[in-house]
Amino acid sequence: MADVQADSEVEPGTLLVAAPTMFDDNFRRTVVFVIDHRDEGTLGVVLNRPSEVPVGEVLPGWGAHVVEPESVFVGGPVEKKTALCLAALRTGEDASDLEGLIAVRGPVALVDLDADPDELVAKVRGMRVFAGYAGWDAGQLAAEINRGDWLIVPALPGDVLATPHRDLWAHVLRRQGLPTALLATHPGDLQLN
């Protein structure tokens with residue numbers, strides 16, 4: 001019987017939650033939404049790193065259509081000049097029926113930023129723009145999971161639109177139940193405890 005890969009539970013629409021002991025500045029206390037996962041690698045965006053840059057400054061046609069805080073979020077350390085947009089669709093909408101959207105999972109879709117935002121607004125609950133993404137080559141994410149860097153948990157559609165005023169990292173951990181929920185109280189740096 002073959003060994004099960006550490007990343008076998010990872011699929012589009014799951015979350016990678018940084019373990020409290022992850023000290024890499026790119027991912028410390030982050031929540032990554034997985035957009036694509038296959039043998040060749042994994043692509044996702046960090047959901048809880050807002051920048052100070054308004055979306056309207058970078059993508060003028062989209063600024064008025066994104067959810068608060070209407071700023072670009074730092075999606076990850078790869079290709080920081082590349083913009084990605086995620087949307088949470090309204091109940092009853094299907095990404096495969098709508099132009100300008102690529103289904104990720106359930107009501108969450110990747111938005112084609114060349115599409116007309118005015119045509120999508122009525123179909124979505126909200127949209128968020130990310131600069132850059134988090135990416136892993138084949139086997140890299142499995143190695144990080146084996147090392148204990150990431151927890152794999154289900155995503156809720158609202159996670160994609162979560163306001164930065166809420167500590168998304170702690171919130172996602174708390175909803176996992178015990179014992180995982182206790183990680184939300186981890187101080188991070190034990191020297192400060």
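Hi everyone, let's start just past a helix: right after α3 comes Gly 148, and its phi is positive, near 95°. Please keep in mind that this is a predicted model.

Now step back into the helix itself. Which residues of α3, running from 140 to 147, are buried? They are Leu 141, Ala 142, Glu 144 and Ile 145. Looking down the axis of α3, you'd find these buried residues within an arc of 160°, so they line one face of the helix. As a general reminder, an α-helix has 3.6 residues a turn, so residues three or four places apart point the same way. Over on the other side of α3, Asn 146 and Arg 147 are exposed.

And what do the buried residues of α3 pack against? Four strands: β1, β3 (41-46), β9 and β10 (150-154).

Let's follow one of those partners, β9, which covers residues 124-137 and holds Phe 130. Phe 130 counts as buried because its relative accessibility is 0%. Leaving out residues up to four places away in sequence, Phe 130 touches ten others, among them Val 45, Val 46, Phe 73 and Leu 84. Have a look at Ser 51 too: 79 residues from Phe 130 along the chain, yet their C-alpha atoms are separated by 9.4 Å.

One last stop, Thr 30, in the loop between β1 (14-18) and β2 (31-38). Is Thr 30 buried or exposed? Buried, because its relative accessibility is 0%. Beyond its sequence neighbours up to four places away, Thr 30 touches residues including Leu 16, Val 46, Trp 150 and Trp 169. Val 46, you may recall, was on the list for Phe 130 as well. Thanks for listening!

Conventions. Residues numbered from 1 in each chain as written. Predicted model: local features only at pLDDT ≥ 70, side-chain atom pairs only at ≥ 80, totals over all residues. Heavy atoms only, no water. Helix = DSSP H or I, 4+ residues; strand = E, 2+ residues; numbered from the N terminus. Buried < 20%, exposed > 50% of the residue type's maximum accessible area, 1.4 Å probe, protein only. Contact = heavy atoms within 4.5 Å. Arc of directions from axis to C-beta.
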